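User: I'd like to go through the labels on this model and hear what backs each one up. Can you keep it informal?

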Amino acid sequence: INAELEQVLRVNSLIQTPKSEELSSALLSVFLDRATELPLRKGSKPPSPYVSLSVRGISYKTKVCPQTAEPAWDEAFSFLIKRPHAESLELQIKDDGHSLGVLSLPLSQLLAAEELVLDHWFQLSNSGPSSQILMRLQLGLLISQHSGVEAFHAAAGDEYEENSQKGSETELYIREDGDSGSLQELRQRIPHTNSNLELADTPLGQLHMTVWYNMDARKLIVIIHACRNLKSNGRDAPDPYVSLILLPDKSRVTKKKTTVRKKTLNPEFNEKFEWDLSLEEAQRRKLEVYVKNSVSFMSRGEPIGKIHIDLSQKDLTQGAAQWYDLKDDKSSS
């Protein structure tokens with residue numbers, strides 16, 4: 001899961017624009033159940049407690065439970081998280097503004113937890129000797145449509161259990177413009193390219209790629225994420241790289257290529273390429289992508305397979321990471 005988080009953070013940094021806020025990489029879900037043995041007020045009166053909880057300046061409050069040292073809230077809250085390794089949940093139980101106990105929980109503890117879930121009693125600080133709060137914390141990776149990460153383990157509650165029984169995985173999306181907005185703007189979908197059946201029909205392998213037009217920057221952006229199951233022509237695994245060109249381009253000024261990965265059938269690249277074009281101009285072009293084996297420094301490289309995309313047929317403003325089947329270099333498609 002940490003590898004997936006690193007991938008999300010890495011691609012977020014790739015698609016970041018100077019004007020935009022830092023993108024969120026995870027969603028923290030907090031279910032506050034109840035507390036026990038809270039300290040009494042002066043005169044042995046029970047308190048009327050509520051909880052304030054915050055992450056990085058975003059705060060929520062529960063309802064007040066009147067006159068009880070054993071309050072039950074049964075309330076849920078969500079926070080968008082930018083850097084899970086560095087942020088923490090700050091929780092305080094209060095009674096009419098007076099603190100009854102505090103808890104500071106680094107989210108790094110969640111990253112180390114099985115399935116990114118903590119569900120137990122937590123001891124309160126600055127409180128009674130037996131004062132505790134019962135809650136469930138769950139972290140889910142926010143996978144943007146450009147990120148190239150296909151799914152995360154900890155989705156939200158029952159929906160995850162239903163989906164996992166069907167053998168599917170849920171992705172959460174967040175708008176790529178850096179404005180995380182409300183949680184209602186997170187949308188879900190089921191990835192279509194996650195079955196081994198499809199791999200049997202792709203003898204040359206597949207390429208994972210995002211093709212996207214950034215309206216703010218007025219650029220066509222292609223992110224080459226990875227390849228999988230590349231065909232090997234010899235005993236040794238190839239030294240693959242990816243070259244790209246926008247057609248028509250007689251002078252080949254639009255040609256770009258990734259670095260070479262050594263001896264692998266499943267290379268990871270995570271490299272971004274940009275062309276300064278209007279959307280109208282981009283839609284008149286065709287993108288030709290070759291996966292090649294680097295034979296020597298001077299030679300042009302042996303083609304493993306290619307992809308040909310007519311950009312007029314794609315909704316470039318909604319670009320999503322997608323697996324493409326490599327075709328034979330001699331074929332027209």
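## Labels and their cut-offs

Analyst: Let's start with β2 and strand β3 (residues 58-61), which run antiparallel and are joined by four bridges. One caution: this is a predicted model, where local features need pLDDT of at least 70 and side-chain atom pairs need 80 or more, while totals for chains, interfaces and linings use all residues. Numbering starts from 1 along each chain as its sequence is written, and side-chain values use heavy atoms, with hydrogens and water left out.

User: Why are β2 and β3 called paired?

Analyst: Two strands pair if DSSP finds at least two bridges between them. β2 and β3 have four, so they qualify. S54, for instance, stands opposite S59 in β3. A strand here is a DSSP run of E, at least two residues long, numbered from the N terminus.

User: What sits between β2 and β3 in their hairpin?

Analyst: Two residues, and R56 in the turn has a positive phi of about 50°.

User: Which other strand is joined to β2, and by how many bridges?

Analyst: Strand β5 (residues 88-95), antiparallel and with six bridges. Y50 has K94 as its bridge partner there.

User: How do you know whether β2 is mostly covered or exposed?

Analyst: Buried means under 20% relative accessible area, exposed over 50%, and partly exposed in between (1.4 Å probe, protein chains only). In β2 (residues 49-55), seven of the seven residues are buried, so "mostly covered" fits. P49, V51, L53 and V55 point one way and Y50, S52 and S54 the other, all of them buried. That echoes a general pattern: in a regular strand the side chains alternate between the two faces of the sheet.

User: What makes N270 buried, and what does N270 touch?

Analyst: N270 has a relative accessible area of 12%, which is under the cut-off, so buried is the right word. N270 lies in strand β15 (residues 268-276). Leaving out residues up to four places away in sequence, N270 touches Q7, R10, V11, L14, I224 and H225, where contact means heavy atoms within 4.5 Å.

User: Why do β14 and β17 count as edge strands?

Analyst: The open sheet of four strands runs β14-β13-β16-β17, with antiparallel pairing. β14 (256-257) and β17 (302-310) each have a single partner strand, so one side of each lacks a neighbour in the sheet. Inside that order, eight bridges join β13 (residues 240-247) to β16 (residues 286-293), and V242 stands opposite V291 in β16.

User: How many disulfides are there?

Analyst: Zero in the whole structure, a disulfide being a pair of cysteine sulfur atoms within 2.5 Å. C65 is buried at 9% relative accessible area, and C227 is buried at 3%.
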